Amino acid sequence: MLFSRFSEYLNQMTETSKRLELKSILSSLFLESGSDIKKTVYLIQGKIAPDYEGKEIGLADKTILEILSEISGIDKDEITKKLAKVGDIGTVAYEIKAKSSQQMLFQEDITIEDVFGTLKSISEKKGGGSTRIKRDLMKRLLLSGSPDDAKYIVRIALGKLRLGVADSTILQGLIEAFNFVDLSEDVENYYNFSPDLGNLSEILKKDDRDEIRNFGPRTFVPFKVMLAERMQGIPSILEKMGGEVAFEYKYDGLRAQVHIRDGKIKIFSRGNEETTSQFPDVVEAMKRQVLIKDGIVDGELVPYNPETEEIYPFQEVSRRRGRKKDLLNIADEIPITLFLFDIVYLNGRDLSRKGYSERRRNLEEAIQPTEKIKLARRIISSDASELEAFFELSIENGCEGIVAKSLSEESIYRAGARGWNWIKYKRDYQSLVNDTFDLVVVGAFWGHGRRGKTYGALLLASFNPDKGVYETFCKLGTGFTDEVLFSLPRIFSDLIVQGEPNNVDAALKPDVWIYPEKVMEVKGAEITVSPVHTCNKGLIEKGMGLALRFPRFTGRWRDDKKPESSTNSEEILEIYKNQKKGL
Ligand code: AMP
């Protein structure tokens with residue numbers, strides 16, 4: 001397929017934020033892309049491979065500016081000035097190509113294959129002389145193609161395509177294009193166990209229905225972990241789960257899915273990023289788990305002192321995350337233990353479709369607990385006071401509370417889903433004043449006085465999965481240390497966009513729009529109805545949304561959470577209703 005057709009589709013997509021329209025544009029694009037389907041899907045996502053492969057194109061803004069200067073003959077400083085004014089390098093590339101006299105001489109058609117192949121080669125070039133080669137490859141692409149092509153190629157190459165199309169919308173587009181509406185639940189299940197839309201698109205195109213129906217977890221393919229609903233009070237949990245329940249400690253650390261095959265171990269985070277190299281001590285301990293030949297377990301990495309059995313605050317693990325050097329020393333400094341609570345796959349058997357009790361039994365049989373690998377502590381009971389005592393004990397032992405797990409046979413492991421088979425109950429929920437939310441930054445307001453050179457407040461939003469948009473929920477201006485406060489413009493500099501992003505629904509207009517990517521943990525006093533925020537707008541009262549009063553940053557950036565899996569609008573509505581009931 002010609003890349004110029006692809007650019008036309010992208011232009012259409014940037015003109016709408018309506019999910020249904022996006023879905024049908026995507027569906028036509030997928031049908032038209034023919035054998036380029038996989039590449040098309042990756043390019044729509046602004047990448048060349050699934051996230052967990054960690055493939056970066058690795059070009060810098062500076063290189064693109066130099067290339068634009070070379071192909072147009074316009075001085076680099078002039079282009080830099082233009083960029084400062086326009087703010088988006090893709091638009092600058094478009095304007096330069098549109099005006100460039102050379103364009104007429106060099107312009108030739110390029111295909112999806114040319115662009116994808118070139119970007120992939122660029123990402124693979126390493127070592128001496130690679131900078132030159134990368135640059136030449138990119139130059140050739142930018143010399144060819146139309147102004148629109150240049151706009152999108154530059155944005156993709158710099159990781160700034162930012163179409164505002166949720167992965168779930170792309171998935172819906174694929175389902176529609178390849179007539180899988182009758183199997184849409186199976187397709188979603190497939191995607192949740194293998195969140196690689198490129199790969200999935202080929203299977204749908206091949207109409208491989210058996211593969212879709214029978215798919216489950218596979219070692220070394222990171223999946224979307226199961227999530228919990230929240231609820232206040234043990235009696236309501238007992239009522240919801242029907243009598244007897246399991247309560248497990250809710251450890252406050254980093255979610256980890258550990259894949260093991262023939263002695264090789266890979267650890268993936270909640271956002272499917274590979275973090276194996278950051279936890280060498282846990283990997284070593286896991287290697288000694290010879291009982292698992294081929295399997296996947298799910299748990300939480302927690303700073304823990306086996307001598308004193310103390311659990312340390314979460315911040316200790318996040319200090320280790322991202323530190324690449326001296327890891328073995330850090331392992332002594334901050335001992336980490338993996339607390340396992342689930343198993344989804346074992347020696348060829350898909351356990352995800354089995355109930356919780358059967359999975360837990362398999363986990364207990366497969367794991368020999370050590371200092372470094374433990375099973376999540378749990379109790380099974382139907383007695384509210386016994387469960388209450390267990391909950392108190394969890395807090396006393398440094399946990400956040402408990403996760404209640406349904407003992408029903410239907411309590412399967414639902415990848416990527418927040419369901420009532422798991423219910424979290426934290427100490428915080430006993431007082432609404434302390435409830436925490438993981439919210440996404442979509443804008444910022446310049447400060448005054450002491451905050452004159454930084455942002456005075458951030459505009460935060462929750463994701464609405466039905467509409468595929470971020471809805472604003474509060475303005476946040478407190479809880480920052482001075483260090484964080486004064487670095488806010490730098491922290492967000494790379495995410496600034498011109499104008500309201502397509503996937504944001506805001507009534508308040510901030511001074512600076514920020515593409516929704518960064519997640520922050522926020523505490524609030526109470527949820528109220530609000531005329532200025534768009535969260536669940538119109539669902540409680542006509543023309544009104546929901547807002548968080550007195551929001552305060554807890555100091556915790558949730559870089560492990562993808563924006564689409566932050567606290568979503570439905571959860572907020574639920575909390576609001578419980579709050580009204582006085583729960
Ligand atoms: P939250 O991050 O507040 O949405 O709470 C859910 C998280 O609690 C999960 O994603 C896990 O990382 C963590 N967690 C800790 N202990 C457990 C457990 N026993 N069962 C399930 N999740 C747990």
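The protein's accessible surface comes to about 25100 Å², and 47% of that belongs to carbon and sulfur atoms (areas by the Shrake-Rupley method with a 1.4 Å probe; for residues, only the protein chains shown count as cover). The model is predicted, so to speak of local features a pLDDT of at least 70 is needed, side-chain atom pairs count only at pLDDT 80 or more, and totals for chains, interfaces and linings use all residues. Residues are numbered from 1 along each chain as its sequence is written, and side-chain values use heavy atoms, with hydrogens and water left out.

Confidence comes next. The mean pLDDT (the predictor's confidence in each residue, from 0 to 100) is 91, with 94% of residues at 70 or more. Among the elements, helix α3 (residues 37-44) has the highest mean, 98, and helix α7 (residues 102-106) the lowest, 54.

As for the fold, there are 22 helices and 22 strands (DSSP runs numbered from the N terminus: H or I of at least four residues for helices, E of at least two for strands). The radius of gyration is 25 Å, close to the 25 Å that the globule rule gives for 583 residues, so the protein is as compact as a globular protein of that length (taken over C-alpha atoms; the rule is 2.2 Å times the number of residues to the power 0.38). Buried residues (under 20% relative accessible area, 1.4 Å probe, protein chains only) make up 56% of the 583.

Helix α12 (residues 184-193) gives a local view: Val187, Tyr190, Tyr191, Asn192 and Phe193 are buried there. Their cover includes α11 (167-177), α13 (197-205) and α14 (209-214), with contact meaning heavy atoms within 4.5 Å.

How values were computed: Buried < 20%, exposed > 50% of the residue type's maximum accessible area, 1.4 Å probe, protein only.
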